[in-house]
Amino acid sequence: MNFCPRCGTKLSDIIIDNSCVKQCNNCMYIDWNNWIYISAVVVAYNNHNEVIMVKLKGKEKGKITFPGGYRNIGETLEQAAVREFYEETGIKINHLDLYKTYTKDEQRLVWIVYKTKIKDPIVFCDNDEVSEILFVSKRNPIDSKDFRGFLTEKLYLDIINELS
Ligand SMILES: [Zn+2]
């Protein structure tokens, strides 16, 4: 950002807490340069305590991650989690528990991760984004070369270590 969004004055560089940020010398607005994209992600357990992961279609064909995606403006994070989960699996969820957050600065990305439980029978519905859902456990692990990215792998390791 080069100009103050509040008063339009040109912003100046200043150092705060060892990072270079921009400040408006007129109204003292600070551009912290720390904006992020937020993605709502769901870890869903079935009755056998297995976790649902999704195998992607399209550009990232074959890559495996957890269901989820970006929040749309106007949605709560929970609504985004429910919507994305439904779009990618065809399964409706209602109860969500906040689990953890994960950060990847290079992509300015934060994952807000929820947990939920799904009752049998679980019926996957074919869609544009996902080719199949996988039921993951210690006995049915995912090969690390198939992970979509760093945050998928991090969350996966946290979850798999919690499974009995
Ligand atoms: Zn200003």
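**A walk through the strands and the two domains**

Let's start with a parallel pair: strand E4 (residues 37–45) runs parallel to strand E9 (residues 109–117), and nine bridges join them. To find your place in that pairing, look for Tyr 37, which stands opposite Leu 109 in E9. Keep in mind as you look around that this is a predicted model.

E9 has another partner worth tracing. Strand E8 (residues 97–104) is joined to E9 by seven bridges, and here the two strands run antiparallel. A handy marker is Leu 98, whose bridge partner in E9 is Tyr 114. E8 and E9 form a hairpin with four residues between the strands, and in that hairpin Arg 108 takes a positive phi near 50°. So if you follow E9 along, you have E4 running parallel to it and E8 running antiparallel to it.

Now go back towards the start of the chain. There you'll find an open sheet of three strands in the order E1-E2-E3, with antiparallel pairing. Strand E1 (12–16) and strand E3 (30–31) stand at the edges and have a single partner strand each, so one side of each is left without a neighbour in the sheet. Five bridges join E1 to strand E2 (residues 19–23), the two running antiparallel. For a residue to hang this on, take Asp 13: its bridge partner in E2 is Lys 22.

How do these pieces fit into the whole chain? The protein has two helices and 10 strands. Reading along the sequence, you meet them in the pattern β-β-β-β-β-β-β-α-β-β-β-α. The protein is also divided into two domains, with domain 1 covering 1–34 and domain 2 covering 37–162. Taken over C-alpha atoms, the centres of domain 1 and domain 2 are separated by 37 Å.

Next, step back and take in the overall dimensions. Along its principal axes, the C-alpha trace spans about 60 × 30 × 30 Å. The radius of gyration is 20 Å, whereas a compact globule of 164 residues would have one near 15 Å.

Finally, a look at burial and contacts. Buried residues make up 23% of the 164 residues in the protein. As for contacts with a separation of 6 or more, 56% of them are between residues 24 or more positions apart.

Methods:
Residues are numbered from 1 along each chain as its sequence is written. This is a predicted model: local features need pLDDT of at least 70, side-chain atom pairs count only at pLDDT 80 or more; totals for chains, interfaces and linings use all residues. The radius of gyration is taken over C-alpha atoms; the globule rule is 2.2 Å times the number of residues to the power 0.38. A residue is buried if 20 or more other C-beta atoms lie within 10 Å of its own, exposed if 12 or fewer, and partly exposed in between; C-beta atoms are placed from the backbone. Two residues are in contact if their C-beta atoms, placed from the backbone, lie within 7 Å. Domain bounds come from an automatic or database domain assignment. Two strands pair if DSSP finds at least two bridges between them.
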